[in-house]
Amino acid sequence: MSKLTTCWRYVLVLSIVFTFSGCQSTDTKLTRLSGWSSNPVEEKLVAGVLADFHREKPAVNFKYEPIPGNYTEKIQLMLGTHTAPDVFYLRGETAPSYMRFNVLEPLNQYAADTTFRIDDFYPALLKSFQKGDTLYGVPKDFNPYVLFYNKAMFGEAGLTHPPQNWKELEAFSRRMTKDTNGDGKPDQYGLVLEPTIEMIMAFVYQNGGDFQKEDGTLGILDKNFLDALEYYVRLYRTGAATIPSDLSAKWNGECFGTKKCAMVISSGWLIPELRTNYNDVDWGVAELPVGRQKATIVFTNAYAMPKESIHKKDGWQIIDYLTSQDGLKSVVKQGLALPPRRSVAQNLGLYNDPVKRVFLQSAEFARTFQTTLPERWYEEASVALQMIYFDNKTPREAMEALNRQIESGILQ
Amino acid sequence: MKRLQFQKFIFYAVLLLMTTVYIGPFIYQFFISISQSKDVFGDPVKLLQPPNWTFQNYANVWVDLPFKQWLFNSLFITLVQTIMNVFFSALAGFVFARLTFPGRKFLFGLLISSLTVPVIILLVPKFIFMNNLRLVNTYAGLILPNLITITNIFLMKQFFETIPKDLEEAALIDGCSYFRIFWQIFLPVSTPALAAVAIYTFQGSWNEFLWPVTLAITSDKFTLPVGVGFLKNQFQSDWPLLMAGTLLITLPTLCIFLVFQRYFVQGVAASGGKE
Amino acid sequence: MPQPSTRQRDMITIAWLFLGFPLLLIGLFVFFPIGYSLFISFFDWNLVTNQRTFIGLANYTRLFSDSLFWKSTGNTILYTIGVVPIQTFLALFLAFVMNQKIRGRSFFRAAFYIPAITSSVVTSTLFIALFSKQGLINQLFGLENDWLTNPNTAMLTIMANNIWTTSGYFMVSFLAGLQSIPNSLYEAARIDGASTWQQFWKITVPMVRPVTYFVLVLGLIGCFQVFDQIFIMSAGGPVNSTTTLSYYVYVNGFKYFKLGYAAAAAIVLAVLIFSANQVQNRYFKPEVD
């Protein structure tokens, strides 16, 4: 019996030791900062700015942990599992669900400090991270939709300026859509639009419509919404514009870069592509053509802190530095991000840059596309658009189906 | 006789075709992994020309990605799970094969019947459970649920039942403890079964995807399949890099398989299958 | 010499002692979750906020009125029906071929088995490359199909992946079965002038029926739960054409954070698998003499 107990004790100890050796939970001494990592270059850039911060505030012990893969889901998972970083990037489009779940730290108190100058930020960006008057994120960068146009093609067609309104957009696009080899299929399009809800929303906002109205009800069957959607779809169906997949392209930037079209609606992420992969394109940018009013969609990100964080003070120091003049300047100078502070843009002379000026001016009338619907609405909206583009349903039919689906409460 | 020759020819032709279908993709994978991005989807012949080859992709996988970390995680988790599985499944298999106690049959039946329960049904409750223990995104959380596999217990029990009883009876009369019988009599003669369990568990743990992809949130806790699975989003068009990464994941299981093929086949044949 | 009764008691103690740790783990990570899953399915349980409210059967009624749930169920069944017969037949065929007198048998056997030991992440990534628009498959056959973004072929591609990886695996199960068939049966058939093909249908197929049943059961359980390949290759798209029940469970739990709802869907999947097994038992189970 004694031998057995020895053996058994050995096994028990072994298993206990092993079990707890794996238990090292996330480090609680450090203030953790997380963001997505779209590429190694960006990661290095952030690390560089953080090194500057460390020189300035050596007392703050922090760690930068970029999160690969489905970022939005992961952060929410971490919030739910008490493993969230103390400071993290927050996408404007996803902000409402975080605010709804009440898991973010309100930042008004911190930002009230007069040296912080919250009023320096573009209001449209701040608004994306506010619920009522409460601020839940400090904008770090932004990217609005603008119109990219091919100057050579415009010149060839005798056009002297980018389209100013919807009518011109359609007319110009038609003029530049042509079939040069006579096979019955155009080999140059005026415009390539993406069948995505974000791009459509730019037109909806210009038309005074909304996906979800202020009171929370759906606006997708309202006249303003449907008119804009019908205009957008008509451009495609009447051959004035096309979609990337019809040109065997992954996205419209590829069509623009390979000179298959004269105009695309896109944003900052197209610029490095044009510079590195398609440097023979002579391009320019302009504000989106105007509908009833000026409007565009902006993609903006912010820094946020979880309510649960135990390092809020240090966390705020990081946010404070990264969104300060110095912090923003170094990011803007090295990369292609646009500063959310008007003063930084002015000080760096970005308003004198013909390309950046267009982006900055667009921020004045831009909006983040947000809804407070349950997450699955986005997939449902994509399905509805697929019905239009690939099943030949009318915009009204598709929106009625989407409306039914959302109203049924199944997504809750 | 001629007809027989013809039959033989057809037979080998089919065999060769099948072999191409089954390992051809891996050869394609290898050639992409040593190619340059621009050649990947061009003329396939270009992939075969030595001047176009480069091993840079492997260096990139190793240097640019947290590959070392993922490799460590995968190895650590897999080894712990394999060792524990071998030990505990042998122990439990021994009990079910040799000891009699009330409820033995019922218990064993219960274990076997749970094999048909889909893994996905366990996912949400296991996750909540781990969350309550604050084990999400930890090694313990990744390792614990797969420390013991019912199939392995079954396999060991089947094997132990084939061992003749004379030896242990003599030992019992000499006053040997059950643990000593297990340790000194059963284990030494069970190498094939233990090897099968070990290899089998190694392969299963190494390739496991659903649990780590759910439980590991940050990159420092990723296993190789999870890490490389996410690379796909990040390096969409860098096929040489992706193929080099995926090929590296395959190597350990492939080597173990080629060396211990015999046990592999025995294990599958005896257990009848995966869970 | 100890008394028999003490010895008996000793044995019981030791049995439980030996089984203690394994049973604890199995209890915690297999049996407890099964029951807990049912419990969770009666709640509106949000993963992010950790708030839960008892809502009775509401998750189930919502599930049954969700068209995507039905679509996933349909996809799962379609997938299973497409994969199981082909994978089973192919496995048997491969085993039959391997059982012939051929040179380099172990090489061929290994070749067929390699996809089965390869990580699903690897085979899936590999298939994305093979079946992409400019991939090898299109180049070989002169096609221009973008297999995984075309709603009509995405599921087929994933099915092909599964057949490719599992047929070699089940081949080994069949091989064991084949080796137990007495050679005299084949010899007798050969004397009667039966061709190899006839031998396959008339002797091999009926003789391996128990293994076939076994492979069908395992294949079905595996197919009903397909997840990794969907996750890597298509994420359920395009237009939900590859959303299977497992993936639906995962997405609802870990993308929409509706744990109760996900648990309910998982239970429906379990019931579905159970019923399918019952059907198999009824029609395919070989009679035991």
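1. In chain A, five strands make up an open sheet of mixed pairing, ordered E9-E8-E10-E7-E11, where strands are DSSP runs of E of at least two residues and helices are runs of H or I of at least four, both numbered from the N terminus, and two strands pair if DSSP finds at least two bridges between them. The edges are strand E9 (241-242) and strand E11 (283-286) of chain A, each of which pairs on one side only. Within the sheet, E8 (residues 189-192) and E10 (residues 261-266) of chain A run in the parallel sense and are joined over three bridges, and Leu191(A) stands opposite Met263(A) of E10(A).

2. The model is predicted, so that local features need pLDDT of at least 70 and side-chain atom pairs count only at pLDDT 80 or more, whereas totals for chains, interfaces and linings use all residues. Residues are numbered from 1 along each chain as its sequence is written, while chains are lettered from A and ligands numbered from 1 in the order in which they are written.

3. Chain A is assigned domain 1 (31-143 + 299-367) and domain 2 (146-297 + 371-407), with bounds that come from an automatic or database domain assignment. The centres of these two domains of chain A, taken over C-alpha atoms, are 29 Å apart. Contact between them (C-beta atoms, placed from the backbone, within 7 Å) involves 15 residues of domain 1 and 17 residues of domain 2 of chain A. On the domain 1 side, two or more residues each come from helix H4 (95-101), helix H16 (354-362) and strand E13 (366-367) of chain A, and H16(A) gives the largest share, five residues.

4. The largest nonpolar core, meaning a set of buried Ala, Val, Leu, Ile, Met, Phe, Trp, Tyr and Cys residues joined through C-beta atoms within 7 Å, has 202 residues; a residue is buried if 20 or more other C-beta atoms lie within 10 Å of its own, with C-beta atoms placed from the backbone. Helix H4 (residues 67-98) of chain B supplies the largest share of this core, 14 residues. Among the residues with the most contacts inside the core is Leu269(C), which touches residues including Pro118(B), Ile120(B), Ile121(B) and Phe224(C), not counting residues up to four places away in sequence. A second, separate core of 73 residues includes Cys261(A), Met263(A), Val298(A) and Met399(A).

5. For chain B, an unreviewed UniProt entry places the feature "transmembrane region" at spans including 140-160 and 181-202, with positions given in the numbering used here, and such annotations may be inferred rather than shown by experiment. Residues 140-160 of chain B are 71% helix and 0% strand, with end C-alpha atoms 31 Å apart; residues 181-202 of chain B are 82% helix and 0% strand, with end C-alpha atoms 27 Å apart.

Notes: Contact = placed C-beta atoms within 7 Å. Buried ≥ 20, exposed ≤ 12 C-beta atoms within 10 Å, placed from the backbone.
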